[in-house]
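The following exercises are to be worked with the sequence and the structure in view. Each task is followed by a solution in steps.

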Amino acid sequence: MARHPKWVRAILSDDDLAAIARAVAEAEGHTSAEVRVHLDHSCEGDALQQAIKVFERLGMHRTAARNGVLVYISVTDRKLAVIGDKGIHERVGEAYWQGLVAAVRERLRQQQSRDGLVFALAEVGRELSRHFPRRPGDKNELSDDVSLGSR
């Protein structure tokens, strides 16, 4: 795996990033949905608004069932957002996302970044598999690797 920027290594090692990619693959293994994790160095505004921009830039809004989910972290600013596209959001509601963010935020506060993200991915994977089970012919359309914003 390539050497990552210092701001990424401040919270996640290469082993952590590999474990997160495996957790994404596991979450997607039982659903037709796409799941991504994105790290930005900083976020000047609202994390949710930035997550929406990243969601669209990554093409996550192009799934047929509108069931993509993005976990977004701004490392330096310690901001977090989890966004689900229309298909999954209609099924789980705002309270689900808020609860998930709170649970991950607590793990991040305890400097358990890897555990927090793996937990979030497992939770999201369970919900997605319940509402959007994997079907024959489903393929992984997007990379499972953690995507990184520029510094």
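Two strands are said to pair if DSSP finds at least two bridges between them. The model examined here is predicted.

**Exercise 1.** Determine which strands pair with E2, and in which sense.

*Solution.* Begin with strand E1, residues 35-40: 6 bridges join E1 to E2, and the two run parallel. Within this pairing, Val-71 of E2 is the bridge partner of Val-37. Between E1 and E2 the chain passes through helix H3, residues 47-57, in a right-handed β-α-β crossover. Turn next to strand E3, residues 79-84, which pairs with E2 in the antiparallel sense over 6 bridges. Here Leu-70 stands opposite Ile-83 in E3. The hairpin of E2 and E3 has 4 residues between the strands, and Arg-78 in this hairpin takes a positive phi near 55°.

**Exercise 2.** Establish which residues lie on each side of E2, and whether they are buried or exposed.

*Solution.* In a regular strand the side chains alternate between the two faces of the sheet. In E2, one side carries Val-69, Val-71 and Ile-73, while the other carries Leu-70, Tyr-72 and Ser-74. Both faces are covered, with all of these residues buried. The count for the strand, residues 69-74, is 6 of 6 buried.

**Exercise 3.** Locate His-61 and classify its exposure.

*Solution.* His-61 is placed in the loop between H3 and E2. Buried requires under 20% relative accessible area and exposed over 50%; His-61 has 30% relative accessibility and therefore counts as partly exposed. Leaving aside neighbours within four places in sequence, His-61 contacts Phe-55, Glu-56, Arg-66 and Asp-85.

Terms used. Residues are numbered from 1 along each chain as its sequence is written. This is a predicted model: local features need pLDDT of at least 70, side-chain atom pairs count only at pLDDT 80 or more; totals for chains, interfaces and linings use all residues. Side-chain values use heavy atoms; hydrogens and water are left out. Buried means under 20% relative accessible area, exposed over 50%, partly exposed in between (1.4 Å probe, protein chains only). A crossover is right-handed if, with the strands pointing away from the viewer, the path from the first strand over the helix to the second runs clockwise. Contact means heavy atoms within 4.5 Å.
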